[in-house]
Each structure stands twice: as C-alpha cells, then as structure tokens.
Amino acid sequence: MTVFHVAETFVSINGEGRRAGQLAVFVRFCGCNLNCAYCDTQWANRADAPYTGMTAREIYDSIKATGVTNVTLTGGEPLMQDGIADLLTLLSQDEGLYVEIETNGSVPADFVLDMPHNRPSLTMDYKTGASGMEHRMCLHNFERLTAHDTVKFVCGSRADLETALRVCRQYELIGRCAVYLSPVFGAIEPADMVEFVKEHRLNGVNIQLQMHKFIWDPNQKGV
C-alpha cells in the first residue's frame, strides 16, 4: 500500500485558476523534479521536508471530513508521486468532488487524460524563461489538453509573454483549453501584461494575479 508524503493539508480559497476565490481543500505533496527560480514552495521540495504519511484512503477521508468539494492536489509535483493513479481513481469515484491537479508541465500526463470516468482537471504550467526550466517541458502534454484543462504561463518579462504567445499559437491552446497569464510576483507590472494582451488581441486569454499573496503574507504557508 502506497504511503504518500503529504507536506500539508488545509482549507482556504483558491488563489488562482478557474475557481479562484472559491473555497478549496488543498493537499500538498513533497518533492519536485524541477527547481524554478521563483518557486514559493521550495520548503516542500527538499529531501528533508517534514511530512505526514497518508494512504490514498486517508487522504480521501481527510478531504471528505472538511465538507469542501473543490480539491486541489499540489506540491511539489503531484504527478511524480508513486501511487498517484490509485489516489486519482479513488477520488474520481466521488461525483461530488471537483478535483484539480496543479502540475508543472514536465511530467507526462497521459494517464490522467486517459482516465475513463470523472477525470481531474489539469492546471498545467508552461515554464517560461523566468523559471530557468523551460527546457524540461513535456511538450506532448500540450497537444492533448481539452476544455476541461488550463495552461498557466508565469511570466517575469516581455520575453516570457512572447514565449507564451508562441506556445499558444504552436499548440492552438486558445479556445481549446483555458489560458492564464500570471506575473512573477514583484517582477513584472500587471499593467504591462494587459497592454501585451491588448496589443495582440488575445481574446479568451485571462490575466490573473495570485490572490492569496494579496490577502496574506506572500511567504505564509497554509493559505
């Protein structure tokens, strides 16, 4: 039986994504295969990160105990967790839950996309130059996303915005899935992002700030 290394579980609002502002229960897993320059959860990625060992059933039971129906699996990188397919299968059997996986775009997601019943929604990053990890992207993922999914570009410069535009065009993302542009916190003016969207007439593209970083201290855990 797989025991997951869970860095934390908590209830808060979604700070970004399709259900921003809505109540959600978060399950954060330890460990990530990337090392993004702007990562705000590095503490959960370290080999010595504190964790609670939980089985898939224990995770499910803890989610249900909250009474919250939006579920966000995050990290770290959820898709690299041993046994994650078993957890997703268990969660998919509960029609009352809306499950979102925040994934960094570097891990093949085919097993999620091929789930036959009530599959989770993928919120998938495309890592731009600001991250230092663009070379690690699993490009096949972006060919398979559907209207159920979201691609998020975290941008720290005009060059990152240009990258986002190129990738959107190359994989015909706009109109096929949701597309969000988010600023690296403190690195780029959101107004400049708005001007870029206006300049290129990017109908259907969303600009989104990380809401939780304005409500609470940007470095605060559990929010």
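In the predicted model, Thr150 stands opposite Ala178 of strand E8, and this pairing belongs to a set of 6 bridges that join strand E7, residues 150-155, to E8, the two strands running parallel. Between them the chain passes from E7 through helix H5, residues 158-170, before entering E8, and the resulting β-α-β crossover is right-handed. Strand E8 is also joined to strand E9, residues 205-207, by 3 bridges, again with the strands running parallel; here Val179 has Val205 of E9 as its bridge partner. The connection from E8 to E9 is made through helix H6, residues 190-199, and this β-α-β crossover, too, is right-handed.

The burial of E8 was then examined residue by residue. Of the 6 residues of this strand, which spans residues 178-183, 6 are buried, so E8 is largely enclosed by the rest of the structure. Cover is found on both faces of the strand, since Ala178, Tyr180 and Ser182 on one side are buried, as are Val179, Leu181 and Pro183 on the other. In the loop between E8 and H6 lies Phe185, which has a relative accessible area of 41% and is therefore partly exposed, the range for that class running from 20% to 50%. Together with Leu209 and Phe214, Phe185 makes a nonpolar surface patch of about 300 Å².

A second strand with cover on both faces is E4, residues 70-74, which is mostly covered, with 5 of its 5 residues buried. On one side of E4 the buried residues are Asn70, Thr72 and Thr74, while Val71 and Leu73 are buried on the other. Strand E2, residues 23-29, runs parallel to E4 and is joined to it by 4 bridges, with Thr74 of E4 serving as the bridge partner of Arg28. Strand E5, residues 98-103, likewise pairs with E4 in the parallel sense, over 4 bridges, and within this pairing Thr72 stands opposite Glu100 of E5. The chain crosses from E4 to E5 through helix H2, residues 84-92, in a β-α-β crossover that is right-handed.

Among the helical residues, Phe142 is found in helix H4, residues 140-144. Its relative accessible area is 0%, and Phe142 is therefore buried, the cut-off being under 20%. The C-alpha atom of Phe142 is separated by 9.6 Å from that of Gln170, although these two residues are 28 residues apart along the chain.

With regard to the chain as a whole, 7 helices and 9 strands are present. The radius of gyration is 17 Å, close to the 17 Å that the globule rule gives for 223 residues, so the chain is as compact as a globular protein of that length. When taken along the principal axes, the box filled by the C-alpha atoms has dimensions of roughly 50 × 40 × 30 Å. Buried residues account for 53% of the 223 residues in the chain, and those of E8 and E4, as well as Phe142 in H4, are included among them.

Note on methods:
Residues are numbered from 1 along each chain as its sequence is written. This is a predicted model: local features need pLDDT of at least 70, side-chain atom pairs count only at pLDDT 80 or more; totals for chains, interfaces and linings use all residues. Side-chain values use heavy atoms; hydrogens and water are left out. Buried means under 20% relative accessible area, exposed over 50%, partly exposed in between (1.4 Å probe, protein chains only). Two strands pair if DSSP finds at least two bridges between them. A crossover is right-handed if, with the strands pointing away from the viewer, the path from the first strand over the helix to the second runs clockwise. Patches are made of residues with over 30% relative accessible area and no salt bridge: like charges are joined within 9 Å, nonpolar side chains (Val, Leu, Ile, Met, Phe, Trp, Tyr) within 5 Å. Accessible areas come from the Shrake-Rupley method with a 1.4 Å probe; for residues, only the protein chains shown count as cover. A salt bridge is a side-chain nitrogen of Lys or Arg within 4 Å of a carboxyl oxygen of Asp or Glu. The radius of gyration is taken over C-alpha atoms; the globule rule is 2.2 Å times the number of residues to the power 0.38.
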